[in-house]
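Biologist: Before we discuss this model, could you put it on the screen, so that we can go through the reasoning behind a few of the terms used for it?

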Amino acid sequence: MSDYIVSLKDVGMDDVDKVGGKNASLGEMIRHLDAADVRVPGGFATTADAFREFLAHEGLDGRIRARLESFDVDDVAELARAGKEIRQWIVDTPFPPRLQQEIEDAFATMSNGADGDFSVAVRSSATAEDLPTASFAGQQETFLNVSGVEHVVRRIKDVYASLFNDRAISYRVHHGFDHHKVALSAGVQRMVRSDVGASGVMFTLDTESGFRDVVFITASYGLGEMVVQGAVNPDEFYVYKPALAAGKRAVLRRNLGSKHLQMVYAGDEDGEHVVTREVEEARRGQFSISDAEVETLARLAVSIEAHYGRPMDIEWAKDGNDGELYIVQARPETVQSRAGQIIERWDLKGQGEVLTEGRSIGQKIGAGTARVITSVEDMEKLERGDVLVTDMTDPDWEPVMKRAAAIVTNRGGRTCHAAIIARELGVPAIVGCGDATANIADGREVTVSCAGGDTGYVYDGLLEFERREIELAAMPEVPVKIMMNVGNPDRAFAFAALPHRGVGLARLEFIINRMIGIHPRALLEYDSLPVELQATIAPLISAYPSPREFFVSRLAEGVATIAAAFAPEPVIVRLSDFKSNEYANLIGGPRYEPDEENPMLGFRGASRYVADSFRPCFEMECEALRYVREDMGLTNVQVMVPFVRTVDEAAAVATLLEANGLGRGVNGLRVVMMCELPSNALLAEAFLEYFDGFSIGSNDLTQLTLGLDRDSGLVADRFDERNEAVKALMERAIGACRKAGKYVGICGQGPSDHEDLAEWLMAQGIESISLNPDTVVETWLDLAKQ
């Protein structure tokens, strides 16, 4: 190792003090992960000694030290003046002759004489960077498509100067790092031609909840700076690690990003040149990488995580010329990996007009005066407690972002700059809104809620909300299985952090409504639809091979996400139970749905499945569940049939399920029935001939026993699951299941609302009680006292 220059293949994590965290990590992977097919572009790095020697040259270090001690870092205007002055000093100071020569020699060796036709990336790597408890990511500069030795030399100097960017100075002061104990190494690395391929970021856990069994991957066309900067809304993928290890289909979920911009080479023959161009409309509607590439990236991520022994934040690139996938950075994930055993729950209590929506970052709620800022020059307008609303942020915004109660941007995905800093600061953020700066007026009071899942909402006005802390360290034993009702896959990873014994009710309706949004028959009959309706549906399904595949894949994604979050505990998936008026609200729905006087008692549940008009739709549901269980290996998924009116209907549905590969006992499958009609309890023994148990639906059972409409305000006060008639039917159903040695649980609203009902059910010998997530901890603790 030279004092000034070292090849990346000759360094590792023991050399952080010499070449910084980023370059040490690149060398570590080159040396130790080649056998795991982790490809890292080669190159060289300048050392910390080279940096210090340069600062000592011509008295530069002393001038910088004095200038940094001359102002208060919280004075943003003075910080900007001092930073600019210091950076200019560095650019104007020549390298010592020996360092200049060694850089030229290293680049000549690396380029093998190609020089002008050979391009590199010049990246910064701080000696205090990427430690497990600190995140310096993005604070220093990266320069892409640099060719020609004179440009490489200039960019190395620019990298050195970036140690004194405003945000880097501010971060070191606020986190207690001594300016003069941090040195910079410049990494010079062969360019991966992702300008004609794709690139992105991946984390070896879920960035919002800290769930460890997934790899979260973002991808977009072109060079990766667009994803890192938050200039595009990228595609997103979740990959399930256990399925990957078992050789099963492992892509849990796909979210199609708009990907409207890409960064590519400008085509100039000399110097460093990249430009931003629009992506063609047709390519925006397709995923930027294939499922096979997603799974390959996930395997690389798992190998890297295993080597480092901690969650990792990784940048990757696909070379469009050779088709290979490369790793260009890897560093410890520093937010969720520090999370403890206390979790926060935020609940929005008020209601208001939705001004805009986008991707939620975190699960918190913030409120304050909106400050719409369109330029970094105006960031001083942001006061402490304001809501920052802007197009996008970059590291220049960091000195004031800590003042914000919440952050809202037009552009960006869940790994963009605004998202990373929001997590670091612990403030809610909504990114990729598209129209935030247009729809939110400067000075308007707003509430920013990320408490409802993947989609965050900005509401007009200061709405009431609640924050609670839940200690999870030591939950007492309870004599009944506490399960959860989970319909929203967006919240599954977060809910799985609560104490649980699985999911007692996973509704397909939420997935169909939010992730699909189109009537299943409209998808099956797409080719014969009116042109106008086809035009509405086409952009929604463009990333999938066919309309049918869109429905099956999206439904499977939603179910698989919930199943993976709670594995290996059982997840009881209730087949669709939309009423006709609800199906009519889907795109294309009015073409296929009857106009019923009382949809609650009409064409719903099991009667739909066996009807000739709906059976092909039901078969798509079965195909999705079969894929999740068989192809993905998530055999913790169990099936539940709702609203079965008669024993004959029960027999017909059981036969239909078996014909579609979901017969009882197949690969350990348990099929249960919703016990929600009086006939189900009264003829429990007969119904149980066709099912492996009951899950009591107390909402419909109460409604139909007492003969009242639970949606009617005129009689709502008489709706009570604790009525003796309702309890008599529940007691009979529980007794029949216990006598037959079959499963019995309850998934209705009653136990979530009434502690005494939960206690009564436990006394009757109920096997499981499935609760709404917000009542799990309190009910668990209450039942433990019995």
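**Reasoning from values to terms**

Biologist: Why is T334 called buried in this predicted model?

Modeller: The relative accessible area of T334 is 6%, and because buried means under 20%, T334 counts as buried.

Biologist: Where in the chain does T334 lie?

Modeller: T334 is placed in the loop that runs between strand 13, residues 325–332, and strand 14, residues 342–348.

Biologist: What makes strand 9 and strand 13 the edge strands of the open sheet?

Modeller: The sheet has six strands in the order 9-8-7-6-12-13, with antiparallel pairing, and strand 9 (251–255) and strand 13 each pair on one side only. Direction ignored, neighbouring strands of this sheet are turned by 20° against each other on average.

Biologist: Why do strand 8 and strand 9 count as paired?

Modeller: Strand 8, residues 235–240, is joined to strand 9 in the antiparallel sense over four bridges; since pairing asks for at least two bridges, strand 8 and strand 9 count as a pair. Within this pairing, F237 stands opposite R254 in strand 9.

Biologist: Which strands does helix 11 touch as it packs on the sheet?

Modeller: Helix 11, residues 291–308, touches strand 6 (198–203), strand 7 (214–221), strand 8, strand 9, strand 12 (312–318) and strand 13, and its direction makes about 140° with that of strand 12.

Biologist: Which strands does helix 19 lie across?

Modeller: Helix 19, residues 547–566, lies across strand 8 and strand 9, and runs at about 125° to strand 9.

Definitions and conventions: Residues are numbered from 1 along each chain as its sequence is written. This is a predicted model: local features need pLDDT of at least 70, side-chain atom pairs count only at pLDDT 80 or more; totals for chains, interfaces and linings use all residues. Side-chain values use heavy atoms; hydrogens and water are left out. Helices (H or I, at least four residues) and strands (E, at least two) are DSSP runs, numbered from the N terminus. Buried means under 20% relative accessible area, exposed over 50%, partly exposed in between (1.4 Å probe, protein chains only). Axes are lines fitted to C-alpha atoms, for helices over the stretch in contact, and angles run from 0 to 180 degrees between N-to-C directions. Contact means heavy atoms within 4.5 Å.
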